[in-house]
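Reader: Hey, got a minute to walk me through this one? I'd like to get a feel for the fold before I go back to the bench.

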Amino acid sequence: MDETQALGALSALAHETRLQIVRLLVPCGQDGMAAGEIGARVDCAASRLSFHLAALEQAGLIAARRDGRRVIYSARRRQIGGLIHYLLNDCCAGDRTVGEMCRAHASAC
């Protein structure tokens, strides 16, 4: 991931609804979730949901596919991992304290 991609992804995630969508989709894996269900789960009207989904898709964080009349969205987990890798290694230069804090928070979950 380069700086431009990272900035686009971070910008897309810098909104409560979009962050909720990513949080919702990551555990779904490749199965994903239908747009209508996403909207119901994050309490977002269809017109606003479409805007948020488009922003996340444009940033490369989610992908859409058709299943009949439904559109299914799934998290692009490799891209999300690439963003985290970029932040840890390029921005934080592998800082030991940052790495320790990440491991401490991960083990607390």
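Author: Sure, let's go from the overall fold to the core and then to a few single residues. Keep in mind that this is a predicted model.

Reader: Good to know. How many helices and strands does the protein have?

Author: Six helices and three strands. Along the sequence they come in the pattern α-α-β-α-α-β-β-α-α.

Reader: And what box do the C-alpha atoms fill?

Author: Roughly 50 × 30 × 20 Å, taken along the principal axes.

Reader: What share of the residues is buried?

Author: Of the 109 residues, 30% are buried. On the outside, the protein exposes about 7,100 Å², with carbon and sulfur atoms supplying 52% of that.

Reader: Okay, the core. Which residues touch the most other members of the largest nonpolar core?

Author: Ile21, Leu25, Ile38 and Leu53, out of 22 residues in that core. The elements that give two or more residues to this core are α1, α2, α3, α4, β3 and α5. Helix α2 (16–25) gives the most, with four residues.

Reader: Take Ile21. What is in contact with Ile21, leaving aside neighbours within four places in sequence?

Author: Ile38, Val42, Leu49, His52, Leu53 and Leu56.

Reader: Wait, a histidine in that list? Is His52 buried or exposed?

Author: His52 is buried, because its relative accessible area is 3% and the cut-off for buried is under 20%. His52 is found in helix α4, residues 46–58. Not counting residues up to four places away in sequence, His52 touches His15, Thr17, Arg18, Ile21 and Cys44.

Reader: Cys44, nice, that brings me to disulfides. How many are there?

Author: The count comes to zero.

Reader: Why is there no bond for Cys44?

Author: Because the closest cysteine sulfur, in Cys28, is 17 Å from the sulfur of Cys44, too far for a bond. A disulfide here needs the sulfur atoms within 2.5 Å.

Reader: Are those two cysteines buried or exposed?

Author: Cys44 counts as buried, at 15% relative accessibility. Cys28 is at 24%, so it counts as partly exposed.

Reader: Last one, on charges. How far apart are the mean positions of the positive and negative charges?

Author: They are 6 Å apart, for 13 positive and 11 negative charges.

Reader: And the contacts between residues at least 6 apart in sequence: what share joins residues at least 24 apart?

Author: That share is 55%.

Methods. Residues are numbered from 1 along each chain as its sequence is written. This is a predicted model: local features need pLDDT of at least 70, side-chain atom pairs count only at pLDDT 80 or more; totals for chains, interfaces and linings use all residues. Side-chain values use heavy atoms; hydrogens and water are left out. Buried means under 20% relative accessible area, exposed over 50%, partly exposed in between (1.4 Å probe, protein chains only). Contact means heavy atoms within 4.5 Å. Accessible areas come from the Shrake-Rupley method with a 1.4 Å probe; for residues, only the protein chains shown count as cover. Lys and Arg count as positive and Asp and Glu as negative; His and the chain ends are not counted. The place of a charge is taken as NZ of Lys, CZ of Arg, CG of Asp or CD of Glu. A nonpolar core is a set of buried Ala, Val, Leu, Ile, Met, Phe, Trp, Tyr and Cys residues joined through side-chain atoms within 4.5 Å.
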